[in-house]
Amino acid sequence: MSDLGKVRIRIPSRIVPGDVVQVRTLVIHPMERIERDAQGKIIPKTYNYIHRVVVTYLGKTIVTFDTTQSVSENPFFSFALRAADPGPLKVEFLDTTGGRYEGTVQIKFS
Amino acid sequence: MRSSPTVTRRRMLETLGAIGVAAASGVLTAPRPARAQQLGLHESVDGALKRVFGSRPIRDGAGLIKLDTPLIAENGAVVPVSVRVDSPMTPTSYVKHIYIVADKNRIPVVTRVTLTPAAGQAFMGENVRLGETGDVRAIVEQSDGTLWQVAREVKVTVGGCGG
């Protein structure tokens, strides 16, 4: 998948200072499932899936998701955020093979 | 056999007692798993709840937690779930964790969300996989350690967990 690791972040188009806004984010990732052999035994290997999502706003960690393989392929997450000051909002996705995918949007007030 | 003066029976019992207290209070056990590999184990839902929350009581949070799931999920591979908690988010009292647990999944603990007061509102949404029809629970841990849960049944037409 050539799109692997592409991060999308959606924020409301109009933000008023002090507002609590909902942010939606998505990463293109296979989130590999457990595979079993013919006997139903789990094939031991390192499955590649996102195990941690870290949201940073104005240099501080706001929300963290610890995820398992029970999360869908191309995982989608949403969360709330109090838009206190204009600044960057960064979302980082970490997977079990050491992959690190991140996206940034600027929170600004119109 | 006579015990040596340094290791008396009394001292021995004291030491054993101290080890027992330490084990019971969790000093000797490993710290709480921080990584998802330990969070998502193959286990039953009862085993998962016992492992994550110990014997702490989980209260019914029907009036507090709003768990949004579809009644029927045609595709178990992508089931949107969202949780909103009616709770203030102040530095002294806020929602610390939201857990999503799918009872029938082979890996029951789906996600643990860690929130901070800066989030402004205890809200999370995500897409989960459901293996078969069963309850989906949202368990909320507040900053003082109280636990609340709500559960909703989701009917799954085609399971999405594979394996």
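**Group meeting: cores, interface and two odd phi angles**

Okay, let's start inside. The largest nonpolar core has 57 residues, and the ones with the most contacts inside that core are Val63(A), Phe93(A), Val83(B) and Ile98(B). Keep in mind that this is a predicted model.

Let me pick one of those four. What does Val83(B) touch, once you leave aside its neighbours within four places in sequence? There's Ile98(B), which you just heard about, along with Ile100(B), Ile65(B), Lys66(B) and Leu67(B). Then Val83(B) also contacts Ala122(B), Phe123(B), Met124(B) and Ala138(B). Besides the big one, there's a second, separate core of eleven residues, and Leu39(B), Val45(B), Val52(B) and Phe53(B) are among them.

Now, the interface. People often quote interface size as the accessible area lost when the parts come together. Here, chain B and chain A bury about 2800 Å² between them, and carbon and sulfur atoms give 48% of that. In residue terms, chain A puts in 32 and chain B puts in 36.

How many salt bridges does the rule find across the interface of chain B and chain A? Just one. If you want to click on a salt bridge, go to Asp66(A) and Arg112(B): their side chains meet at 3.1 Å, N to O. As for polar contacts, the rule gives 19 residue pairs across the interface, both residues at pLDDT 80 or more.

So where on chain B does that surface come from? Helix 2 (36–39), strand 4 (79–85), strand 6 (109–115) and strand 7 (122–128) of chain B each supply at least two residues of the side that touches chain A. Strand 6 of chain B gives the largest share, seven residues. By type, that side of chain B splits into 17 nonpolar, 14 polar and five charged residues.

Last topic, backbone angles. Most residues other than glycine have a negative phi. Two residues in chain A are worth a look here. Leu58(A) isn't a glycine, yet its phi is positive, about 55°. You'll find Leu58(A) in the loop between strand 3 (50–57) and strand 4 (60–67) of chain A. Is Leu58(A) buried or partly exposed? Partly exposed, because its relative accessibility is 35%, and buried would need under 20%.

The other one is Asn74(A), again not a glycine, with a positive phi of about 50°. Asn74(A) sits in the loop between strand 4 and strand 5 (76–82) of chain A. Its relative accessibility is 25%, so Asn74(A) counts as partly exposed too.

That's my tour; over to you.

Notes
Residues numbered from 1 in each chain as written. Chains lettered and ligands numbered in written order. Predicted model: local features only at pLDDT ≥ 70, side-chain atom pairs only at ≥ 80, totals over all residues. Heavy atoms only, no water. Core = buried A, V, L, I, M, F, W, Y, C linked by side-chain atoms within 4.5 Å. Buried < 20%, exposed > 50% of the residue type's maximum accessible area, 1.4 Å probe, protein only. Contact = heavy atoms within 4.5 Å. Buried area = accessible area lost by both parts, 1.4 Å probe. Salt bridge = Lys/Arg side-chain N within 4 Å of Asp/Glu carboxyl O. Polar contact = N/O pair within 3.5 Å; in protein donor to acceptor, adjacent residues only side chain to side chain. Helix = DSSP H or I, 4+ residues; strand = E, 2+ residues; numbered from the N terminus. Nonpolar A, V, L, I, M, F, W, Y, C, P; charged D, E, K, R; others polar.
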